[in-house]
Structure formats: structure tokens, C-alpha cells
Amino acid sequence: MQKRTKSLGLMLALIVLLIVSACSQSASTSNTTGTNTNAAAETGTTTDSASESAADTTTAAEEESSIGYQSDAGQVQVPKNPKRIIDLTAFSTGYFVALDAPVVGALSGAMNNKYIKDQLTNEGTTDLGEKPTAERLVSLKPDLIIVYTGTEGIDQLSQIAPVVQIKYGERNYKDLMLELGKLTNREDAAKEWITKWEAQINELKPKVQEVVGDRTVSILNPYTKGLFVFGHNFGRGGEIIYGEFGLKAPAKAQVEAIDSGTGWASISMEVLQEYAGDIIFTSPWSGDTSDPQIVYDNTLWKNLPAVKAGNVFQLDPTSDTYNDPVSLEGQLKFISDSLLSVK
């Protein structure tokens, strides 16, 4: 369902880069060693003590500036305070924006997310496209790279910078915020965001529940083969509607998209009425080029109680798919305003 970066086009280009780099370093080391040896021989002095002292200083500095981090794919040494992060997940980029952690490169999906686009642009973040090349990544000189588990080319990526793997959907957004706060040495900022967020929810929740009452709410996306029904953990406002506000989904949507843990279900037009709530949030599906009007102009859709009552609200297909903290803040206003306006 969610797009994950599976092929980064790294192999050939990176191999060439590594070979050139290795050859260059080898030649440089050879020349330097030879010069130092000759100089020591001519002066009759030894450099062993100085070398050992320098090595000790370097080792201590390295230990102080890096830490062991338990990623979803195992232990990895990462910078204690990363300063040049490349995020190749797209869906995690907003967490780093919320944490004010420096992102030097991100995928186009994140760069086009209206909730974080301006922040990334102002920060000078490079748009890496959807399949960045090795040259592009190397040129940004990252000190940390974020990917989803299962991404191809991780061994090659790790030659550029430490790679932290995240398993999509493993944590809810609050837990992931805390985890990425830990990764970037910004745990206090993560906790502060959660505190402010929960205060907003506590203020809005009783107002929304009073207006909505026992009415059910659906999140529906038309696509080529029918509709997707979304639940509590797949973006599109589900985290707010079902998670924070505790509103009810239609019974079948509850079982298939929420209780199942998958976060979504696929249905045909023929069973639409069983999954459509009294209130509907909808948008075209961003994963294909199908015309949503095939669904929206259908008699089955037009006859839904929510449509007749004017309780249908259009989500943004390019940005509301995200469930990072900054995107959720933007969605919260739209969703709460929409729910408070229902008839």
C-alpha cells in the first residue's frame, strides 16, 4: 500500500565511487608513510609516541561523537548529534522537521507534502526524486541515512554513512516520535511535542464527540478496482478520527480495517453502503491515475446518507496520506473543523 523505496539505483555507480576512493586513499597513505619514514630516519627520531597519542585522542573523540543505537534491524553506530540526515522513507521526514533535526536530502513525496514543504525548502533540503543516485547521495555528505527495513542496497548505503532501518507501522506516531527523538538526541523536544499535542486533543475531543454523537465516520479512497477503506494507522486522518477522538467506524470497516491491525481494506462498489459512515472523509487514490469521478458520479455513491446530508469532506491526496507530527497538526484543524460543521 504505502510506497517504500525498494531500489535506489546504487550498485554500479557506488562501486565505481568506492573503487576510486579506495585507490586514492591507498596512494595518499603510501606517499605519506614514505615521507614520514624518511624524515624519521634522517633526524634519527621516532614517531611512535606521537602516533599513539594521536590515536588515543582520535579514538576518544570518535567514542564521544557516536553512540550505539538499536534500530529495527539491529545495533548500529550513529552520530550522537547528527547534522546531515538523508531520509529515504518520505513518511518519516516530518518527524525530523518537528524535531528541528537537519535534513539535507529527502524524497520527492516528502518534499511535496504541503505540511512540511516550506520548512524543508527554507532549510535547503535537496529533493532527491524517488530513486536517488549514489552520486547525489555522496555529494550531500550525510552523517546519517534513514531507510525502511527491506530497502535494497543497504550495504552500499552504509559505505556512505551509518544507516538506520525503520520498520513501517511498527510503532504508533507518538512512539516513533520518541524513538526518533532518541536517535537525534532530541528526546526532550519529542516529549514536548507530545505534551502540546495531547493538550490540543483534550480541548477538541469533547466538542467533537458532542457534535458527532453516535454517528459513524468513514475514510474512503476511490481507485481503479473499487475503494479503499482506511482505519486508524494509515494516515488520511485515521490517527485523529479513530485514535484521538475515539469516533466510531461502520461495523465492517471496524473489523476489517481497524481490528485486523492492517489499517485498510479493499471493497467493491456493490458493498459500499456497508462501509460508508454517516460522515465521510475521502480523496482520490494517489497510487494510480484512475478517475475518482467514476465513483463519485455513481448512483450508489450519490445515494449515500452522508452524501445527501452534505457530510462528505475532501482530503488532500498528496499530503493527508502522511501521519508524521507536522502533517497531523495540519490535519487536526481540517478534521476538527469539518466534524464540528456536520449537520
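A polar contact is taken here as a pair of N or O atoms within 3.5 Å, one able to donate a hydrogen and the other to accept it. In this predicted model, a contact of that kind involves Gln331: a polar atom of its side chain lies 2.7 Å from the backbone oxygen of Tyr322. Gln331 belongs to helix α16, which spans residues 325-340. With a relative accessibility of 2%, Gln331 counts as buried, since the cut-off for that class is under 20%. Once its neighbours within four places in sequence are set aside, Gln331 is in contact with Tyr115, Arg236, Gly237, Ile240, Ser319, Asp320 and Tyr322. Tyr322 thus appears both in this list of contacts and as the residue whose backbone oxygen faces the Gln331 side chain.

Two further helices are worth a closer look, beginning with α8. Of the 11 residues in α8 (residues 173-183), eight are buried, so the helix is largely enclosed by the rest of the structure. The buried set consists of Tyr173, Lys174, Leu176, Met177, Glu179, Leu180, Gly181 and Leu183. At the N-terminal end of α8, Asn172 acts as a cap, with a side-chain oxygen 3.0 Å from the backbone nitrogen of Lys174. Lys174 is itself one of the buried residues of the helix. Just beyond α8, Asn185 adopts a positive phi of about 60 degrees.

Helix α11 (residues 251-259) has Ala253, Ala257 and Ile258 as its buried residues. These span an arc of only 85 degrees around the axis, which places them on the same side of α11. Ala251 and Asp259, on the other side of the helix, are exposed. The packing partners of the buried residues of α11 are two strands, β9 (226-230) and β10 (264-267), and two helices, α10 (238-244) and α12 (272-275). After α11 comes Gly261, with a positive phi near 85 degrees.

Turning to the strands, five of them form an open sheet in the order β5-β4-β3-β6-β7, and their pairing is parallel. The edges are occupied by β5 (126-127) and β7 (163-166); each has a single partner strand, so one side of each is left without a neighbour in the sheet. For β5, the link to β4 (residues 103-106) consists of two bridges, with the strands running parallel. Ala106 has Asp127 of β5 as its bridge partner.

The edge strand β7 also takes part in lining a cavity. Across the whole structure, the search finds one cavity of 30 Å³ or more, and the largest cavity holds about 30 Å³ of space. Its lining is made up of Tyr69, Gln70, Ser71, Asp72, Val164, Gln165, Ile166 and Arg171. The elements that supply two or more residues to this lining are β1 (66-71) and β7.

Strand β11 (residues 279-282) is covered on both faces. In a regular strand the side chains alternate between the two faces of the sheet. In β11, Ile279 and Phe281 lie on one side and Ile280 and Thr282 on the other, and all are buried. Strand β11 is joined by four bridges to β8 (residues 217-223), and the two run parallel. Within this pairing, Ser218 has Ile280 of β11 as its bridge partner. Strand β11 is also joined to β12 (residues 312-314), here by three bridges and again with parallel strands. Thr282 stands opposite Gln314 of β12. The buried residues Ile280 and Thr282, on one side of β11, therefore both figure in the pairing, Ile280 with Ser218 and Thr282 with Gln314.

Finally, two loop residues stand out for their backbone geometry. Asp100 is not a glycine, yet its phi is positive at about 55 degrees. Asp100 sits in the loop between α3 (93-98) and β4, and is exposed, with a relative accessible area of 61%. Lys141, likewise not a glycine, has a positive phi of about 50 degrees. The loop that holds Lys141 runs between α6 (134-139) and β6 (144-148). Lys141 is exposed too, its relative accessible area being 65%.

Definitions and conventions
Residues numbered from 1 in each chain as written. Predicted model: local features only at pLDDT ≥ 70, side-chain atom pairs only at ≥ 80, totals over all residues. Heavy atoms only, no water. Buried < 20%, exposed > 50% of the residue type's maximum accessible area, 1.4 Å probe, protein only. Arc of directions from axis to C-beta. Contact = heavy atoms within 4.5 Å. Pairing = 2+ DSSP bridges. 1 Å grid on protein atoms, 1.4 Å probe; cavity = no way out; pocket = protein on both sides within 12 Å on 5 of 7 lines; lining within 4 Å. Points joined across faces, edges and corners; volume = space filled by probe spheres on them.
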